[in-house]
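The following exercises are meant to be worked through with the sequence and the model side by side. Try each task on your own before you read the solution below it.

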Amino acid sequence: MPHYDIVIIGSGPAGYTAAFEAVKHKMKTAIIERDLARLGGVCLGEGCIPLKGLLKFSESVKDYASIRDTVMGRVEQIRSGLASRLRSQGIDVIKGSAQFVSRSEIMVDGEPVSAENFIIAAGSSPKKLFDQPGVRTSEIIFSLEKAPGSVLIIGGGVVGCEYASFLNNIGVKVDIVEVMDSLLFGEDEESVRVLAREFRKRGIQVFAKTKIAAIGGDGEAVMEGDKEMRQRYDLIIEATGRRPNTAGLGLESAGVALTERGFIRVNESMQTTAGNIYAAGDCIDTPMLAYTAYREAETAVRHCATGEKGRIDYGAMPRLVFSMPQVGSVGINEKQASDKKMNYRVYKYFFKALGKAVMEGKDTGFVKLISDEDRGTIAGAAAVGDDIADIMNQLALIVSGGIAMSAIRECMFVHPSYSEIILEALHYGKQ
């Protein structure tokens with residue numbers, strides 16, 4: 001029976017990050033992956049990387065098959081690089097499905113594997129509220145023969161808005177039906193209004209506060225909102241969230257407890273109720289983002305190897321929706337600051353007042369900073385714009401680092417640049 005210092009179940013962002021971190025601590029390491037063709041998990045298969053590729057290429061190319069083939073070719077290139085890196089660091093990758101038989105042993109397709117420690121990084125799968133042939137999940141985007149003429153996306157949120165943006169870019173008629181009154185519940189309301197306005201301009205129709213009453217086999221959807229509507233679509237995609245992949249792992253045999261929502265229960269160091277078993281990524285009840293999975297995996301391995309306790313500040317974690325335009329936030333928003341009765345101010349600056357944005361035709365939206373006036377720092381920020389990912393990274397550093405507004409004002413930013421909007425907001429955007 002092979003024996004390891006640590007065995008990681010799953011090869012997605014949490015899985016491979018945990019493996020690389022374990023090697024740093026000189027731990028004999030293995031990854032269990034049931035499908036080697038999906039090395040890298042959802043993030044590499046149909047999530048973070050390929051979807052952003054679809055969005056990028058669709059800005060200039062409108063042929064669906066050409067875009068898909070280019071993106072998936074590059075995905076395979078990245079996957080090959082990941083496999084090579086795992087091999088070069090002496091990490092064993094074992095193909096098969098894992099099931100615990102005790103806290104120290106799993107069966108992998110009938111073969112026993114033992115370890116001193118385990119990390120469960122099993123990921124998540126799309127929820128299916130409409131279990132019928134006419135409704136597909138978002139993965140269908142990567143296996144179509146040709147672009148459909150019309151698509152209904154059930155659910156706004158991150159996935160719904162990103163896929164709507166791509167499909168709209170290549171000429172598909174897209175409708176979104178959302179049961180809530182906001183496309184992105186919990187995000188800055190003003191930012192979401194800009195997104196909804198831009199969607200309307202692009203021809204994306206959003207039916208808010210509307211639910212699906214029925215779906216016919218011919219692609220007809222019955223929607224109930226202010227009134228009942230019936231409409232046929234070439235394709236219906238469900239984007240109603242994701243569920244953790246915990247079934248079939250034999251967690252009860254290892255003493256690993258779940259939360260009421262079915263996620264694996266962990267403490268701040270990512271330890272489960274079985275002390276030598278950890279969990280990270282989508283299978284625990286934290287934001288389902290690759291970069292949270294990275295940090296959780298590192299936290300788990302460091303605690304396992306050194307006893308260092310976890311210190312993840314999820315409140316300072318940036319969030320970004322790669323829709324068109326993009327919507328992002330970090331820290332608290334304006335409503336939360338008001339509800340907490342903070343001594344705060346809002347500093348807002350529009351991209352249309354930024355020279356580089358106007359010159360390059362990317363002047364949609366704004367950056368909004370929420371200050372903590374008592375501390376002299378930025379407690380939160382929201383942004384909406386054509387290309388704000390790097391701006392959100394800088395805002396995350398400012399918020400998490402507690403950088404004084406006076407220090408930011410004294411800093412000299414490159415001109416012209418998009419990120420100088422942060423400085424402009426503090427100098428000229430006080431409301």
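**Exercise 1. Find which residue of β22 is the bridge partner of S371, and then place the two strands in their sheet.**

Solution. In this predicted model, begin at S371 and look across to β22, where its bridge partner is I378. Next, follow the two strands along their length: β21 (366-372) and β22 (377-385) run in the antiparallel sense and are paired over seven bridges. Strands of a sheet are paired through backbone hydrogen bonds, and the pairing may be parallel or antiparallel. Now widen the view to the open sheet, which has five strands in the order β18-β19-β22-β21-β20 with antiparallel pairing. At its edges stand β18 and β20, each of which pairs on one side only. From one strand to the next, the twist of this sheet averages 10°.

**Exercise 2. Describe the sheet that contains β12, β13 and β14, and explain why one side of each edge strand is left without a neighbour.**

Solution. First write down the order, which is β12-β13-β14 in an open sheet of three strands with antiparallel pairing. The edge strands are β12 (211-215) and β14 (228-232), and because each has a single partner strand, one side of each has no neighbour in the sheet. On average, neighbouring strands here are turned by 25° against each other, direction ignored. As a last step, look at one pair in detail: β12 and β13 (residues 220-224) are joined in the antiparallel sense over four bridges, and I215 stands opposite A221 in β13.

**Exercise 3. Decide how many of the nine residues of helix α13 are buried, and name the elements against which they pack.**

Solution. A residue is counted as buried when its relative accessible area is under 20%. By this cut-off, seven of the nine residues of α13 (residues 420-428) are buried, so the helix is mostly covered. The buried residues are E420, I421, I422, L423, E424, A425 and L426. To see what they pack against, look for β20 (346-350), β21 and β22 among the strands, and for α11 (389-401) and α12 (405-410) among the helices.

**Exercise 4. Locate two cis peptide bonds and two residues with a positive phi that are not glycine.**

Solution. Keep the general rule in mind: most peptide bonds are trans, and most residues other than glycine have a negative phi. The peptide bond from M324 to P325 is cis, with omega near 5°, and P325 belongs to the loop between β18 (319-321) and β19 (326-331). Another cis bond leads from H415 to P416, with omega near 0°, and P416 has its place in the loop between α12 and α13.

Turn now to phi. D109, in the loop between β5 (105-108) and β6 (111-120), has a positive phi of about 50°. M270, in the loop between α7 (251-254) and β17 (277-279), has a positive phi of about 75°. Their surroundings can be read from the relative accessible area, which is 54% for D109, an exposed residue, and 3% for M270, a buried residue.

**Exercise 5. Examine the salt bridges of E46, K173 and R295, and state for each which residue is its partner.**

Solution. Start with E46, whose side chain meets that of R38 at 3.0 Å, N to O. E46 is buried at 9% relative accessibility, whereas R38 is partly exposed at 31%. Continue with K173, which meets D175 at 2.5 Å, N to O. Here K173 is partly exposed, with a relative accessible area of 35%, while D175 is buried, with a value of 0%.

The partner of R295 is E298, at 3.7 Å, N to O. These two residues are three apart in helix α8 (residues 290-306), so about one helical turn separates them. An α-helix has 3.6 residues a turn, so residues three or four places apart point the same way. R295 is partly exposed, at 44% relative accessibility.

Finally, look beyond single pairs: D188, E190, E334, K348 and K368 are linked in a network of salt bridges. The count of salt bridges in the model comes to 23.

How values were computed
Residues numbered from 1 in each chain as written. Predicted model: local features only at pLDDT ≥ 70, side-chain atom pairs only at ≥ 80, totals over all residues. Heavy atoms only, no water. Pairing = 2+ DSSP bridges. Axes fitted to C-alpha atoms, helices over the stretch in contact; angles between N-to-C directions. Buried < 20%, exposed > 50% of the residue type's maximum accessible area, 1.4 Å probe, protein only. Contact = heavy atoms within 4.5 Å. Salt bridge = Lys/Arg side-chain N within 4 Å of Asp/Glu carboxyl O.
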